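Work through the exercises below with the sequence and the 3D view at hand. Each task is followed by a solution in steps.

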Amino acid sequence: MASHPLSPSTESVTALLGMLAYGELVAFDRTAVDARLAPDLPRRARLSAMAAVEIANYERLTARITELGGSPELEMKPFVGAIDAFHNSTAPRDWLEGLVKAYVGDGIADDFFREVATLLDPIDRELVLDVLHNDEHNDFAVEELQSAIEADPAVANRLALWARRLVGEALSQAQRVAAEDDALTGLIVAGTGDLHKVGELIKRLMQAHADRMTTVGLSN
């Protein structure tokens with residue numbers, strides 16, 4: 001996607017950062033809870049360390065919102081309903097479901113923010129890209145899931161169904177956000193140029209998701 005020649009409005013940037021900040025806050029809560037599902041102490045400690053990174057990212061994002069003259073609480077508030085609804089309807093029942101949720105849900109969200117980051121000015125683009133999940137986060141989930149599937153191939157079907165449910169819920173809540181938040185939607189439409197290109201963005205997100213599923217052995 002090419003960068004848009006016009007700088008986005010401060011309102012749209014703080015809306016985007018607010019959405020990402022609330023996502024990081026919830027990710028901290030969720031990762032800390034998922035750590036308790038870990039089958040041993042080393043993996044519990046590793047997930048807890050990832051939770052610490054999430055809360056540090058939250059603090060960086062809220063600091064930037066404040067710097068831009070916004071209120072972190074007010075910027076996050078419009079996204080609380082949709083993000084909470086997604087997580088409340090997709091609570092993992094065990095360690096493996098938690099890993100799939102992190103791998104699939106975080107992967108789609110990260111891909112979306114990488115796309116939208118191209119529409120931002122350099123300082124905000126770099127911040128957004130810097131707080132997204134790194135390779136260690138993804139590699140951990142991939143290694144754990146591949147090992148579990150190798151040990152018991154029967155779990156692949158269950159986890160593939162779970163992944164499809166996660167995607168369905170994520171798309172449903174994304175549509176809700178698009179309908180309710182004019183500033184964020186305006187940023188995407190203005191940056192991509194037209195609704196046709198928004199459709200192309202969605203296709204790229206779905207292709208990246210399919211590639212992730214294949215990598216971990218959960219292809220449809």
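## Exercise 1: Two packed helices

Helix H2 (residues 41-67) packs against helix H3 (residues 72-89) at an angle of about 115°, and their axes are 9 Å apart. The model is a predicted one, in which local features need pLDDT of at least 70 and side-chain atom pairs count only at pLDDT 80 or more, while totals for chains, interfaces and linings use all residues. Residues are numbered from 1 along each chain as its sequence is written, and side-chain values use heavy atoms, with hydrogens and water left out.

**Task.** Classify the arrangement of H2 and H3, and list the residues that make the contact.

**Solution.**
Step 1. Begin with the terms. Helices are DSSP runs (H or I, at least four residues), as strands are (E, at least two), numbered from the N terminus. Axes are lines fitted to C-alpha atoms, for helices over the stretch in contact, and angles run from 0 to 180 degrees between N-to-C directions.

Step 2. Apply the angle classes: under 35 degrees is roughly parallel, over 145 roughly antiparallel, 65 to 115 roughly perpendicular, and the rest oblique. H2 and H3 are therefore roughly perpendicular to each other.

Step 3. Find the residues in contact (heavy atoms within 4.5 Å). H2 contributes Tyr 58, Thr 62, Ile 65 and Thr 66, and H3 contributes Pro 72, Glu 75 and Met 76.

Step 4. Sort these residues by type. Ala, Val, Leu, Ile, Met, Phe, Trp, Tyr, Cys and Pro count as nonpolar, Asp, Glu, Lys and Arg as charged, and the others, Gly among them, as polar. The contact of H2 with H3 has four nonpolar, two polar and one charged.

## Exercise 2: One residue of the contact

**Task.** Is Thr 62 buried or exposed, and which residues does Thr 62 touch beyond four places away in sequence?

**Solution.**
Step 1. Locate Thr 62, which is part of helix H2.

Step 2. Use the relative accessible area: buried is under 20%, exposed over 50%, and partly exposed in between (1.4 Å probe, protein chains only). Thr 62 has 12% relative accessibility and so counts as buried.

Step 3. Leave out residues up to four places away in sequence; Thr 62 then touches Ala 21 and Pro 72.

## Exercise 3: Salt bridges

**Task.** State how many salt bridges there are, and examine the ones that involve Asp 94 and Asp 111 with the partners given here.

**Solution.**
Step 1. Count pairs in which a side-chain nitrogen of Lys or Arg lies within 4 Å of a carboxyl oxygen of Asp or Glu. The count by this rule is twelve salt bridges.

Step 2. Take Asp 94 and Arg 158, whose side chains form a salt bridge (3.2 Å, N to O). Asp 94 is in the loop between H3 and helix H4 (95-117) and Arg 158 is in helix H7 (residues 155-180), so the pair ties together parts 64 residues apart in sequence. Asp 94 is partly exposed at 25%, and Arg 158 is partly exposed at 29%.

Step 3. Place this pair in its network: salt bridges link Arg 93, Asp 94, Glu 97 and Arg 158.

Step 4. Take Asp 111 and Arg 114, which meet in a salt bridge (3.3 Å, N to O). Being three residues apart in helix H4, Asp 111 and Arg 114 are separated by about one helical turn. Arg 114 is partly exposed, at 35%.

Step 5. Take Asp 111 and Arg 212, joined by a salt bridge (2.6 Å, N to O). Asp 111 in helix H4 and Arg 212 in helix H9 (residues 195-216) are 101 residues apart, and the pair links distant parts of the chain. Asp 111 and Arg 212 are both buried.

## Exercise 4: Aromatic pairs

**Task.** How many aromatic pairs does a search of the whole structure find? Describe their geometry.

**Solution.**
Step 1. Set the rule: rings of Phe, Tyr and Trp (its six-membered ring) pair if their centres lie within 6.5 Å, and planes under 30 degrees apart count as stacked, over 60 as edge-to-face and the rest as tilted. The search finds two aromatic pairs.

Step 2. For Trp 95 and Phe 140, the ring centres are 6.2 Å apart and the planes lie at 75°, so the pair is edge-to-face. Trp 95 is in helix H4 and Phe 140 in helix H6 (residues 135-151), so the pair ties together parts 45 residues apart in sequence. Trp 95 is buried at 11%, and Phe 140 is buried at 3%.

Step 3. For Phe 112 and Phe 113, the centres are 5.2 Å apart and the planes lie at 70°, so this pair is edge-to-face. Phe 112 is buried at 16%, and Phe 113 is buried at 7%.
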